[in-house]
Each structure stands twice: as structure tokens, then as C-alpha cells.
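Visitor: I should be grateful for a guided account of the structure shown below. Please explain the reasoning behind each answer.

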2 protein chains.
Amino acid sequence: MSSTITEGARPDDARRHNRGAVLRRLHLDGPCTRAVLATEFGLNRSTIKAVVDGLADTGLVSERLPSRRSGAGRPSLLVVPNPQAALVLATDIRVDRVAMALFGLGGEILGRLSWRLRPGSASPRDVITRVLESAVVLASELSLPVVAAGVSIPGVVRQSDGLVREAPHLRWVDVPLGEQLSAGLQMPVTVANDAELGALAELTRGVARGVSDVVFVAGDIGVGGGVISSGKAMRGAGGYLGELGHMVVRPDGLECHCGCQGCWETEVGAAALCRALGLPLAIGRGELHAELRELADDPPTALARLSDYVGWLGLGLVNVVNLLAPQVVVLGDLFAALPEPALQVVATRVRERSVVSRAVGHTLVVRSALGRDAHLIGAAEAAFSPVLDSAAG
Amino acid sequence: MSSTITEGARPDDARRHNRGAVLRRLHLDGPCTRAVLATEFGLNRSTIKAVVDGLADTGLVSERLPSRRSGAGRPSLLVVPNPQAALVLATDIRVDRVAMALFGLGGEILGRLSWRLRPGSASPRDVITRVLESAVVLASELSLPVVAAGVSIPGVVRQSDGLVREAPHLRWVDVPLGEQLSAGLQMPVTVANDAELGALAELTRGVARGVSDVVFVAGDIGVGGGVISSGKAMRGAGGYLGELGHMVVRPDGLECHCGCQGCWETEVGAAALCRALGLPLAIGRGELHAELRELADDPPTALARLSDYVGWLGLGLVNVVNLLAPQVVVLGDLFAALPEPALQVVATRVRERSVVSRAVGHTLVVRSALGRDAHLIGAAEAAFSPVLDSAAG
């Protein structure tokens, strides 16, 4: 595939830049007419025509009539990204589940599968073997070549080679995940922290599109954060930035596996939510979500049962906003499944208590609309990014 | 002055780039020979000669014999930045003191003065008037023109125009400091948060030279942080990133002016240090530093009296490291004046308790070597930066 899309004479820099920008726009924001592209990019019609023709020649886009006609007269052709022109494989390794999906150019999911893991007993070898087998299954269903892969993992990852330094809830230490998957799949593999990929998903396809300073905070068994500052992912030394779950918020709280007491994760992770709701810690995600949906229909009970939990969630978010000054905080995973009145209390707490929220004219706290797919979408976009760059070449 | 240094024909981009890079290097790292410059920049001798000649023609550098001879033979000429060629004015507004200094190209302080403020009763108008008067005094002593100014302030500042949104310990709200000083001084004025400028100072002239991920944490009456990520200052929405002092570390702690309880600032700011040492809160900085120096000679007593204080300092730093993943944390102001054994305890706490410190192979916690001048140096470098760019033009 990569040979197909880099075929032909090497275009000059401006042409490559324009092709890349138009392709990225169609991939992320969907089909539109040439006229819209010309307006958005401030390019004249003949330049846009050349760019679109170039992308069409390599099969990356096609032009077709819109399915619904609007207004009178002859409708304009839409430039549509061709899903089959570039497929990426996304894998979301969680503590209790692995989900995989094939994404086509344009972001559509063309196939998916998932399986459960027994928390704490998933060896890297077993997971890697099953990911490789499942990749073959997914790809063969479509009979289309896959060009790159992205993997989300709840741990600290070395950016350069996808080494998982520490994924405490999986009990993985120094697992060469990127290297092994890339050897097995025979394609470039990008491995990244789940919250970092969640932030990327919100920025590209979620509620934080067009926002330059975003923190994505995902609560599951662990709690992690992905930080976008001035439109760019912040990584810190070794890519370890954003271990929000290990911010101590309650110095006399429960012991955390990290060696501290009262980490945010011990106060607002899945276990803490189960404690607050009087549910067994080993409860399945489905049942926990069902319980939360039920609570949403009964606001007074929801607020009463979640009062302490919401207090710790709010306190940690005040700290996050004061340290990182986002315009928007996106809550993912379990946090996004909390009943609306509980989230309202948290948002109000941040608005009233954070000096930074007051200074910037209020930091928004919103739930992710991507649901359980946020990490998967982020992994896909991380894999797409270099593909889009080279496709424009 | 700016007309002098942009005089002449407009050089092409490569030449401008080389001139700027060489000038910045001489400004930050001091005099060296052309041969050293050629090696450092990977340029041939004739290119370096042209660059140095160009800088010498506009009076920015001169070449002279080293004052000490090393080895036999004819000594090489040193390329030396000319301090008088570009002067900037730096102002450090603190809660209890204003310090001003004139910095020459190369970073030498050519003149300085300071005065005390009564905490909480310094009106913006009085401070601005005295800064303007003092600028005239400082500049007239040298009879040299000043080209730009930088101002450090303990508060949140809007980057675009230097509006001080909130400087709580000064009780300033929405003060158009940048606008008024720039009108009064008739030159470009850069206003920035004190901790952000402290970080810049450490990065350019302090212990964090060459480090890409740095957090500078300064403790005085308030506590603030400056964050450098991948070599760049992180600013967040509106430039408000790094309000580390308002991270809640002790939810049942003292009330903070921000509306929360147990902010890091209430646990480790100057007032907390005075409480720990049994000193009156209104004690002068000189006496407080004297007390700390005395404690340094008696480690067991220092550790006993500062035990709780050091615990909160360490806990906050563990959080800072887990969220921001710096390679180095630089402690400034009062934190830098703590007795060595107390700092050792803090550094060890971070090393042992922070998951991120463990992952990156240990985050260093070091004291600033710039002393009380860190903010002043940062303000000067913030002012120099555009001057160096235009000087290379």
C-alpha cells in the first residue's frame, strides 16, 4: 500500500504540503466539495483541482454525487476519502479486556473484535500472540492490506521503540511490545499510553476538536491523563508525563501500589467507585455501567451515594486544572459514565475552587462522547498520522 | 539601538540564522575563539569569519586577545559580546521588594537597585511610578540606551499584552502592567510569571542548561512553578499553567486565600516555614535566611524542626514529578535556602515515591545556584530574546 500511495514523480514541497493538508482534512472532517476545500484552505479552484486529482489518481479519494440532494440545480460533487485506500489496525489493551479494530481512511471502523483478560494474569506473551492471530483474522475478512498499527496500553511507554516500561495493573515491566508486534505484523507499530491516545482521540474526533489546551482524564482500574498543550501532546522526560493517578490527594488515604498513600487513583479508580456504591470489587464492567445508568434516573440517591467519591474527583481535577491550565477537561471511561448530577457537582467544584479556571474564564469539564472507543480511535489516529504524511508524498 | 543593529542590507535567511545562532551562543555561553564556534556550529572557517565580521561591524561583538595566555605560541583571538551593544532592563516585582537591574549583552549586570514594599499595600500605581523613575536613574548612570524590558511578577499574566490578571499576594487584579510600563519606558516590555521566568533563567544560565524537561519551583510567600517541556516553556490556556502552589496536598489543612484548604502554598510557603521554625510571620527575609544558615550547621536539629515541613514539600514534589515528568526539578528562593540535609530528605522522597522518577531513572531535585537573581535573570533573558533575533537581521 505504501508503495501505491508514494508512486509517481516526487512532487515539490508546496504540492506535497497541500495534498497532505487536504487529505488530513478529508480524513478527519469527512467529505466536502472542492469549493469548500478551496475556501477552507484559501487556495484557488485550479490548485484544489490539481490536489484532488492527484489524490484521486492514487486512489486515496474519489468524487461522487452526494446521496441527498439539497436545493435546486446540479449538485456539486463531494470529495470522499476512500476507506480501503489506507487501513490501520488499532489495539486497545486494557487490564480486563483487549479490543482490536480495523480503521479505514476517513476513520470508519471496518471490523472489530475483543476478548476478556483475567486482571493481573495476562502475560505479555499470551497477549502478543493473540493480538497477532486476531490481526490476521481481521485483515483476512477484508482481504485488504493493512499499512500500520497503533496500540494503547495503560502504562508508561518509551516513545522511541514502544517499550512498555511499567504497566502496573497488568503487572508488565519492560515489555518490548512495539518491537515484537512490529516484527510479527511486519508493519510500523506505534505504542502509546492510553490516556495520551484518549487525548489525541478527543482532539481529532471528539469533544476537544479545535481546542489547543486539553487534558483527557480517564478513570478505569487506574487513572491516567493525556495532556495537549498549545495543540501538541506533552510527553515529558521519557514520555512519562501525565501520571495523574499517582497524585497524592489524601495523605492519610489507602495505600497505593506505587508506594504512596491516598493517590487519586485509590480514591477515584474503579475500586473506589465500587466501594462507594457498595458493589463487589470483582464486578464486571457491564454490571457497573448498568448500576451507574440506574443511578442516573435517581439524582438524589446518586448524589448521596457518590458524595465522597465526587469530592475526591473534584479535588483532583482542581489540582489538574491549576497545574496544567487546560481550556477543556475531557472525562473518559468510567468518569464519563457517572450520572449527570454527579458530573455537574464536579464541574461546579472546578469552576469555583480553581484559581486557574477563574483566571481563564472557566475551564469546561465535559464527558467524552467517544465512549469505550476513545483509546482505540486514538491508537488508530496515531497510526494514521505518518501514513497520511507519506501518502501526500 | 535597534536601528543600529538592524542597519545595512538585509542578509539572506541562512546568514541571518547563522548570525542569530552565534550571537545567542556568545550571549549565553560567553566568549570563545572562531575555531570553537566553527566546531560547535559545524561551519567552515570562512563562513564563521563572515558571521563574526558581520556581528563586529554592527558593534555587537569585538575580537580581542585573551587576558590569560594558555600554552605557547600566538594565542587565538576571542570573540566577545559587547555588553554596551544591547542593554535590557529587568524588574523583579515581589510581594515585599522590587529589584531592578540593567543587563548588558552577554548577561552581565551593569547596574542595579531595589526597594522594599509593605506586603499587601503596594498599589500598582505607586510601583509603576517608582519603576519608571528608577529606570531613568539606572539608565542615566550608564548614559547608554536601553532597548527592551522584562518584568517578573508573582501572579498570572496574559501573555499577549502583559496584563496581570491576578497577583493575589500583591492584591493586584487586572493591572495593565505591560501596557503602562511600555508606554512609560517607550520600549517593548515583556511581563511574565515569576516562576516561568525562573525556569527560563535556569535553562539559559542556571543548573538546567541543556536539559529539555525542567520544572522550576520557587517558594516565597506564594509558591509557583515554571514548566519547560521538550525545551519549550509550557503556558497552557491564557498562560496560566503551573499554579503549583494551589495544588491541594492536605485536604484538612489550613484555608488558603484561593478558596481551597491545604494548598501546597499554605503548607510550604514562607508562612509555613516560619511556623515550623517558631519564627514570627512578619520576620524579614534576611533574618529568615540567617536562621536557615544557622540550622544548616546543625543537621539533627534542622531535620527535627523541619520534619513536617519537609514531608509536605516532598509530597508536593512527588505530585509535580508524577504529573509533569521533568528530568530535573530546580528549587528556587526559600526552597533553595533550606539546609542541605532537609533537601536530601526531599530528593530521596521524590526518588523513592514517584513512579515517574523511577521510570525515567530518577528525577534530580537540585537547588538553584542563581539565588535571589533567578527572576531578574529570567526577565532579562525574556527581554533579550527578541532583541537577539532582530540583532541578527
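**The sheet, the domains and the two copies**

Guide: In this predicted model, chain B holds an open sheet of five strands with mixed pairing, ordered β6-β5-β4-β7-β11.

Visitor: Which are the edge strands of chain B?
Guide: An edge strand pairs on one side only. In the order β6-β5-β4-β7-β11 of chain B, this applies to two strands, which span residues 109–116 and 189–193. The edge strands are therefore β6 and β11 of chain B.

Visitor: What does the twist average from one strand to the next?
Guide: The sheet in question is the open, mixed one of chain B. From each strand to the next, the twist has an average of 15°.

Visitor: In which sense do strands β4 and β7 of chain B pair?
Guide: Strand β4 of chain B covers residues 87–93, and strand β7 of chain B covers residues 146–153. Within β7(B), A148(B) stands opposite V88(B). Six bridges join β4 and β7 of chain B, and the sense of their pairing is parallel.

Visitor: About what angle does the direction of helix α15 of chain B make with that of β7(B)?
Guide: Two helices of chain B may be considered here. Helix α6 (residues 177–185) of chain B packs on the sheet against β7 and β11, with its direction at about 150° to that of β11(B). Helix α15 (residues 374–391) of chain B also packs on the sheet, where β4, β5, β7 and β11 of chain B are touched. The angle between the directions of α15 of chain B and β7(B) is about 140°.

Visitor: Which element supplies the largest share of the side of domain 1 of chain A that touches domain 2 of chain A?
Guide: Chain A is divided into domain 1 (2–81), domain 2 (85–197 + 374–391) and domain 3 (209–369). Contact between domain 1 and domain 2 of chain A involves 11 residues of the former and 10 of the latter. On the domain 1 side, α1 (2–5) and α2 (13–29) of chain A each supply at least two residues. The largest share, four residues, belongs to α2(A).

Visitor: How many residues of that side of domain 1 of chain A are nonpolar, polar and charged?
Guide: The side in question is the one by which domain 1 of chain A touches domain 2 of chain A. Its residues divide into four nonpolar, six polar and one charged.

Visitor: As by what kind of axis are the two copies related?
Guide: A turn of 180° with a shift of 0.0 Å along the axis lays chain B on chain A, with an RMSD of 0.0 Å. The two copies are therefore related as by a two-fold rotation axis.

Methods:
Residues are numbered from 1 along each chain as its sequence is written. Chains are lettered from A and ligands numbered from 1 in the order in which they are written. This is a predicted model: local features need pLDDT of at least 70, side-chain atom pairs count only at pLDDT 80 or more; totals for chains, interfaces and linings use all residues. Copies are superposed by least squares on the C-alpha atoms of residues with pLDDT of at least 70 in both. Domain bounds come from an automatic or database domain assignment. Two residues are in contact if their C-beta atoms, placed from the backbone, lie within 7 Å. Ala, Val, Leu, Ile, Met, Phe, Trp, Tyr, Cys and Pro count as nonpolar, Asp, Glu, Lys and Arg as charged, and the others, Gly among them, as polar. Axes are lines fitted to C-alpha atoms, for helices over the stretch in contact, and angles run from 0 to 180 degrees between N-to-C directions.
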